[in-house]
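I wanted a few side chains and one helix looked up before going further. These are my notes, in the order I took them.

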Amino acid sequence: MDTAIGRIYTIHPNQSECFHLRLLLNYVQGLTSFESLKAIDGDIHATFKTACFALGLLENDEQWKNALADATVSESPFKLR
């Protein structure tokens, strides 16, 4: 039995659920349904995006927000630009 995906197209991140579904399909193996894609460590997530976060496939922008907040305290607006 061949377990390889024949062709999977690229999807723009603006199409959020399709993009995250594609990300899960490329990473997770042995799936039997769309619901099994959302089941991570016994928890069934509401969306494919939250399942990607649970697997650690996505990062949030919190570290960049913190870095910019620190820079605004110590640097001038000219240097920040």
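**Cysteines first**

I started at Cys52, which is buried, at 0% relative accessibility. I was working from a predicted model, and I kept that in mind throughout. I then looked at Cys18, which counts as partly exposed at 41% relative accessibility. Next I asked how many disulfides there are. The count comes to zero. I checked the gap: the sulfur of Cys18 has its closest cysteine sulfur in Cys52, 12 Å away, which is too far for a bond. A disulfide would need the two sulfur atoms within 2.5 Å. From the other side I noted that Cys52 is in no disulfide, with the sulfur of Cys18 as the nearest cysteine sulfur.

**His20**

I moved to His20, which touches Cys52. I placed His20 in helix H1, residues 16-27. Buried or exposed, I asked of His20? His20 is buried, with a relative accessible area of 6%. I looked for what the His20 side chain reaches and found the backbone oxygen of Ser16, at 2.6 Å. Leaving out residues up to four places away in sequence, I listed Phe48, Lys49, Cys52 and Leu58 as touching His20.

**Lys38**

I went on to Lys38, which also touches Phe48. Lys38 is found in helix H2, residues 34-38. I noted that Lys38 is buried yet has no salt bridge. The nearest side chain of opposite charge is that of Glu35, 4.3 Å away. The cut-off for a salt bridge is 4 Å. With residues up to four places away in sequence left out, I recorded these contacts of Lys38: Asp43, Ile44, His45, Ala46, Thr47, Phe48 and Ala51.

**Asp41**

I looked up Asp41 in the loop between strand E1 (39-40) and strand E2 (43-44). I read its phi as near 55°, a positive value in a residue other than glycine. For background I wrote down that most residues other than glycine have a negative phi. Asp41 is exposed, with a relative accessible area of 76%.

**Helix H4**

Last I took helix H4, residues 62-74, which has 13 residues. I found that H4 reaches 19 Å from its first C-alpha to its last, close to the 18 Å expected at 1.5 Å a residue. I then asked how many of the 13 residues of H4 are buried. The number is one, so H4 lies largely in the open.

Technical notes:
Residues numbered from 1 in each chain as written. Predicted model: local features only at pLDDT ≥ 70, side-chain atom pairs only at ≥ 80, totals over all residues. Heavy atoms only, no water. Helix = DSSP H or I, 4+ residues; strand = E, 2+ residues; numbered from the N terminus. Buried < 20%, exposed > 50% of the residue type's maximum accessible area, 1.4 Å probe, protein only. Lys, Arg positive; Asp, Glu negative; His and termini not counted. Contact = heavy atoms within 4.5 Å. Expected span 1.5 Å × (residues − 1). Polar contact = N/O pair within 3.5 Å; in protein donor to acceptor, adjacent residues only side chain to side chain.
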